[in-house]
Amino acid sequence: MADFKYSAKSAGGSTVEGTISADSKAAAVSELRKKNLTIIRLDENKVRRLPFGAGKATLAGAASEERAQTAKVRVKKQELVIFTRQLATMVGAGLSLLESLEVLGHQAESKEMGKICSTLVDSVRSGSDLSAAMEQCPRCFPVLYISMVKAGEVSGQMDVILNRLADYMESAEELAREIKSAMTYPVISMILVLGITGFLMIGVVPTFKNVFDSMDIDLPLITQAVLDASNFLRDNAYAVYGGLFAAVIGFMMFRKTPMGTRVLDSVTLKLPIFGPLFQKVCLARFSRTFATLVRSGVPIMSTLEIVAATSGNWVLERAVLQSRDAVRRGNLLSDPLSEEKIFPPMVTRMIAIGERTGALEMLLEKIAEFYDSQVKAQVKGLTSLIEPLLIAFMGVVVGGVVLAIFMPILDMVTALQT
């Protein structure tokens, strides 16, 4: 018989915390469900014995320092995907969890991953669950990851859950990689255009000013405008570039504030061309995360909280949290979602069908696949559209500066020939 600490939601929606005695974790889950409680957290109470003669304050300080160092460790997403896939393979092949973690720690490619595995091994060897051990590394294992591992521990299907988790992470990483690679070319091209233009305006154009002054001719309007802009940039270079730098830093700081997040996330979805693309990205992430958690057996309230936290957009997060409150009151999920503008009718109707038929996770995966393909097609189309626009922009800006410089010279040559 063991004692388990739990945190759960009652039928009325209030949070209940306490301790329950049971023969196993599965038995504790069964007892709590009989009481109509929705489990949020369930951990076994462990009594950790200290070595004889060790000072409690010294040990507590050392443990606290070690946890603080481990909490700062972060690994690459691709490395975490490989770790998850390999752990699933080893557990599925019959190796114990402790042996699997030790093997992964020995073959870790980076010091960070090795340190993470070492921490997990120490915690599991001392009697902690894997999910509890992962909570010591919040920058490595996100809340979605830990919640799915908890579901695997309760259901006894750790290898299955880990494989689903690896599939989810690979799909999300592939989508992010495609968007990033598609946006790399336009960004680099724009930086080159601005750099070339700045070099011409500050380094080249001013050298022609004395030539034009000595010619004592009336300059074309475009030439005079370029010379005035060049003089302004040269005389106020520090102010211009300092202002641009300050604007970028200010924007980044504003983006991290609650108000900045609300404003920018709302504006992003309303942009003429990119707004629908960002909406589809959010819906793809929402559907895939939701489907993965539901299929893994995570409680619906915890699922909605995790989906909201990982949505990547404040508008979607607010909509999901409001829907969670409606579900807690006894409503179907599709009802409150249908009232939110960010969810198209197709999504809410498929969710409604899934709730009625019991195939919610399957339909959510279909939605995720649909929007993944939509995002990839739209990104490819935007890339094809942006390339000629950037070339045209480069031609107009750079060509305009060059033309403005050579027009007076051509006019003078033409006048001399006549």
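This passage looks at helix 8 and at two salt bridges in a predicted model. Local features need pLDDT of at least 70 and side-chain atom pairs count only at pLDDT 80 or more, while totals for chains, interfaces and linings use all residues. Residues are numbered from 1 along each chain as its sequence is written, and side-chain values use heavy atoms, with hydrogens and water left out.

A good place to begin is helix 8 (helices are DSSP runs of H or I with at least four residues, numbered from the N terminus). Its 58 residues reach 83 Å from the first C-alpha to the last, close to the 86 Å expected at 1.5 Å a residue (the expected span is 1.5 Å times one less than the number of residues). Shortly before the proline Pro206, helix 8 has a kink of about 40° at Val205 (the angle between axes fitted to the seven residues ending there and the seven starting there). Asp216, with a positive phi near 50°, follows helix 8.

Turning to charged pairs, the structure holds 12 salt bridges (a side-chain nitrogen of Lys or Arg within 4 Å of a carboxyl oxygen of Asp or Glu). One of them joins Asp167 to Arg85, with the closest N and O atoms 2.7 Å apart. This pair links helix 8 to helix 3 across 82 residues. Asp167 is partly exposed at 38% relative accessible area, and Arg85 is partly exposed at 24% (buried means under 20%, exposed over 50%, partly exposed in between, with a 1.4 Å probe and protein chains only).

Arg288 and Asp372 also meet in a salt bridge, at 2.4 Å from N to O. Here Arg288 in helix 12 and Asp372 in helix 17 are 84 residues apart. Arg288 is buried at 17%, and Asp372 is buried at 10%.

Definitions and conventions: Helix = DSSP H or I, 4+ residues; strand = E, 2+ residues; numbered from the N terminus.
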